[in-house]
Amino acid sequence: MILRAPAEPSGPLSDAWRHCVGTGRIELALRRDSVVDEEHGTACTARQRMGSPRSPGPRRLDVLHEAAEPGPQHLRVPVEDDRTVLDLTPARHEITLVEVAPVVEEAPEWWDERRLLGTGPR
């Protein structure tokens with residue numbers, strides 16, 4: 001079975017977003033992908049690379065538990081007219097959970113991160 005994503009997978013953001021940010025305008029969102037494929041989120045590949053041990057020791061078990069975690073990826077995506085476009089191109093045998101959350105500006109207006117790094121005005 002072959003599943004294909006629409007050419008432009010976009011849709012209106014839910015009212016839950018409005019509840020999160022009140023009446024403020026959303027301009028940016030955080031996209032978090034959790035990927036499970038042949039390299040991420042499966043202990044099978046890691047076990048095969050270990051030589052397929054019958055009874056892995058504690059250290060190898062730790063490696064297998066770590067390999068079983070989905071591979072995370074974090075991206076910032078723009079929001080325009082309450083919509084965001086998610087470009088999804090899954091690889092063969094890949095499953096991706098995509099979570100999108102609004103980015104709410106919490107810094108005061110006078111805040112300037114360039115000053116922290118010593119590159120801004122003094």
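Thr 45 lies in helix 2, and in this predicted model its side of the picture is a good place to start. With a relative accessible area of 17%, Thr 45 falls under the 20% cut-off and therefore counts as buried. Once neighbours within four places in sequence are set aside, Thr 45 is in contact with Glu 38 and Glu 39. The C-alpha atom of Thr 45 is separated by 9.6 Å from that of Ala 68, a residue 23 places away along the chain.

**Overall architecture and confidence**

The chain contains 4 helices and 5 strands, which follow one another along the sequence in the pattern β-α-β-α-α-β-β-β-α. Of the 122 residues in the chain, 19% are buried, and the chain exposes about 10200 Å², of which carbon and sulfur atoms supply 52%. When contacts between residues at least 6 apart in sequence are considered, 79% of them join residues at least 24 apart.

Confidence varies along the model. The average pLDDT of the chain is 75, and 75% of the residues score at least 70. Among the elements of the chain, helix 3 (residues 58–67) has the highest mean pLDDT, 91, whereas strand 1 (residues 10–12) has the lowest, 48. Over residues 1–11 the pLDDT stays under 50, and for this stretch the model has 10 contacts beyond four places in sequence.

**Strand 2 and its partners**

Strand 2 is joined to strand 3 (residues 71–78) by 8 bridges, and the two strands run antiparallel; within this pairing, Leu 30 stands opposite Arg 76 in strand 3. Strand 2 is also joined to strand 5 by 8 bridges, again in an antiparallel arrangement.

Which residue of strand 5 is the bridge partner of Ser 34? The partner is Leu 97. Ser 34 itself is found in strand 2 and, because its relative accessible area is 13%, it is classed as buried. Beyond its neighbours within four places in sequence, Ser 34 is in contact with Pro 70, Gly 71, Ile 95, Thr 96, Leu 97 and Glu 99. One of these residues, Glu 99, also takes part in a salt bridge with Arg 32.

**Salt bridges**

Side chains of opposite charge can pair when their charged atoms come close. In this model the count comes to 3 salt bridges, set out below with the N to O separation of each pair.

| Pair | N to O distance |
|---|---|
| Asp 33 and Arg 31 | 2.9 Å |
| Arg 32 and Glu 99 | 3.3 Å |
| Glu 39 and Arg 49 | 2.9 Å |

In the salt bridge between Asp 33 and Arg 31, both residues are buried.

The side chains of Arg 32 and Glu 99 meet in a salt bridge, and this pair links distant parts of the chain, with Arg 32 in strand 2 (residues 28–36) and Glu 99 in strand 5 (residues 95–102), 67 residues apart. Arg 32 has a relative accessibility of 36% and so counts as partly exposed; Glu 99, with a relative accessible area of 36%, is likewise partly exposed.

The side chains of Glu 39 and Arg 49 also meet in a salt bridge. Because Glu 39 lies in the loop between strand 2 and helix 2 (43–49) while Arg 49 belongs to helix 2, the pair ties together parts that are 10 residues apart in sequence. Glu 39 is partly exposed, with a relative accessible area of 46%, whereas Arg 49 is exposed, with a relative accessible area of 61%. Glu 39 is thus a partner of Arg 49 in a salt bridge and is also in contact with Thr 45.

**A nonpolar patch on the surface**

Which residues form a nonpolar patch on the surface? Trp 110, Trp 111 and Leu 116 do so, with about 420 Å² of accessible area together. Leu 116 has its place in helix 4 (residues 113–116), and its relative accessible area of 60% is over the 50% cut-off, which means that Leu 116 is exposed.

Methods
Residues numbered from 1 in each chain as written. Predicted model: local features only at pLDDT ≥ 70, side-chain atom pairs only at ≥ 80, totals over all residues. Heavy atoms only, no water. Salt bridge = Lys/Arg side-chain N within 4 Å of Asp/Glu carboxyl O. Buried < 20%, exposed > 50% of the residue type's maximum accessible area, 1.4 Å probe, protein only. Contact = heavy atoms within 4.5 Å. Areas by Shrake-Rupley, 256 points an atom, 1.4 Å probe, with all protein chains shown as cover. Patch = residues over 30% accessible without salt bridge, like charges linked within 9 Å, V, L, I, M, F, W, Y side chains within 5 Å. Pairing = 2+ DSSP bridges. pLDDT = per-residue confidence, 0-100.
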